[in-house]
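User: I would like to go through this model by question and answer. Please keep the replies short.

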Amino acid sequence: MSQIYTLHYAPDNASLIVRIALELIGAPYRAQLVDRSVQAQQSAQYLALNPLGMIPALETEDGVIFETGAILLSLADKHGALFPACGEPSRSDALKWLFFMSNSVHAGLRQMFYPAKFIAPEHASALRRGLAQRIRSDFAQIDTLIANAETPCLGGPGASLLDLYACTCFRWAQLYPRDFTKDWVAAQEYPNLIALAQRLETLPAVQIVQSAEGLGATLFSNPNLPNPPIGSAT
Ligand SMILES: N[C@@H](CCC(=O)N[C@@H](CS)C(=O)NCC(=O)O)C(=O)O
């Protein structure tokens, strides 16, 4: 475990989930800012790491990993933490919900935040209205899973990749996009997710990262924009 990872990040980007995971694991890493205010994610240097031009990317001794879900799962498997190991009975169930976080919740938020990458400008509002409904139902699904303790690694004791992914997406939905109906996600409708968010906020690993990125003490349950917004897109 002597290697030092390099995490290419921007404040409050998807790199946030990876950074908290690295802190929870206790893996040494260097955080390298990708300055979104100058579109550094599209620079030749960054595209050589992640040809998709998206944040995060993680440099490891086995090469560069990108795509948040892939980075998280690789770290969990390598360090035996935050996710059921191969062969554990709960692994399949946990994988199902990890892909849901990545393919449904995160991908939906991405379209919500960057509609111009997906659709002509005149259709952006309609896309967002439809997505808003679907993402709210995704959060309701997560809230129910936590309440029923159906997935042992979501809302259970400790912290898991699913907890981090769910709470970070919840944060973003409460804050962004800035040019859409405020409060399109009403946090109080998800009491179990709020309780999980409040618990995660007390973890030292989360506090270290929120402090480094200027996200505030209630980054998941009652979030504020990054301050200072150095390198962020906002
Ligand atoms: N599918 C990617 C999505 C990552 C993503 O949406 N990154 C955003 C920041 S949170 C980004 O790089 N946006 C800049 C851009 O699209 O140009 C993943 O899971 O890592």
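User: How far is an oxygen atom of the ligand from an N or O atom in the side chain of K117?

Analyst: This is a predicted model, in which local features need pLDDT of at least 70, side-chain atom pairs count only at pLDDT 80 or more, and totals for chains, interfaces and linings use all residues. Residues are numbered from 1 along each chain as its sequence is written, and side-chain values use heavy atoms, with hydrogens and water left out. A polar contact is a pair of N or O atoms within 3.5 Å; within protein, one must be able to donate a hydrogen and the other to accept it, and residues adjacent in sequence count only if both atoms are side-chain atoms. For K117 and the ligand oxygen the distance is 3.3 Å.

User: How much of the ligand's accessible area does the protein cover?

Analyst: Areas come from the Shrake-Rupley method with a 1.4 Å probe; for residues, only the protein chains shown count as cover. On its own the ligand has 510 Å² of accessible area, and the protein covers 91%.

User: Which residue has a polar side-chain atom 2.9 Å from a nitrogen atom of the ligand?

Analyst: Q41 places a polar side-chain atom 3.2 Å from a ligand oxygen, so that is not the pair asked about. The pair at 2.9 Å involves a ligand nitrogen and the side chain of E67.User: Is helix 1 largely enclosed or open, and how many of its residues are buried?

Analyst: Helices (H or I, at least four residues) and strands (E, at least two) are DSSP runs, numbered from the N terminus. Buried means under 20% relative accessible area, exposed over 50%, and partly exposed in between (1.4 Å probe, protein chains only). Among the buried residues of helix 1 are S15, R19 and I25, and they pack against elements including strand 1 (5-9) and helix 8 (204-213). Helix 1 (residues 15-25) is largely enclosed by the rest of the structure because the buried residues number 9 of the 11.

User: Which residue follows helix 1, with a positive phi?

Analyst: The phi in question is near 85 degrees. The residue is G26.

User: Is R91 buried or exposed?

Analyst: R91 lies in helix 4 (residues 91-113). Not counting residues up to four places away in sequence, R91 touches L73, D77, F83, P84, A85 and C86, where contact means heavy atoms within 4.5 Å. With a relative accessible area of 11%, R91 is buried.

User: Which residue's backbone oxygen does the side chain of S160 reach?

Analyst: S160 lies in the loop between helix 5 (124-148) and helix 6, and is buried at a relative accessible area of 5%. Leaving aside neighbours within four places in sequence, S160 is in contact with L82, C153 and L154. The side chain reaches, at 2.4 Å, the backbone oxygen of C153.
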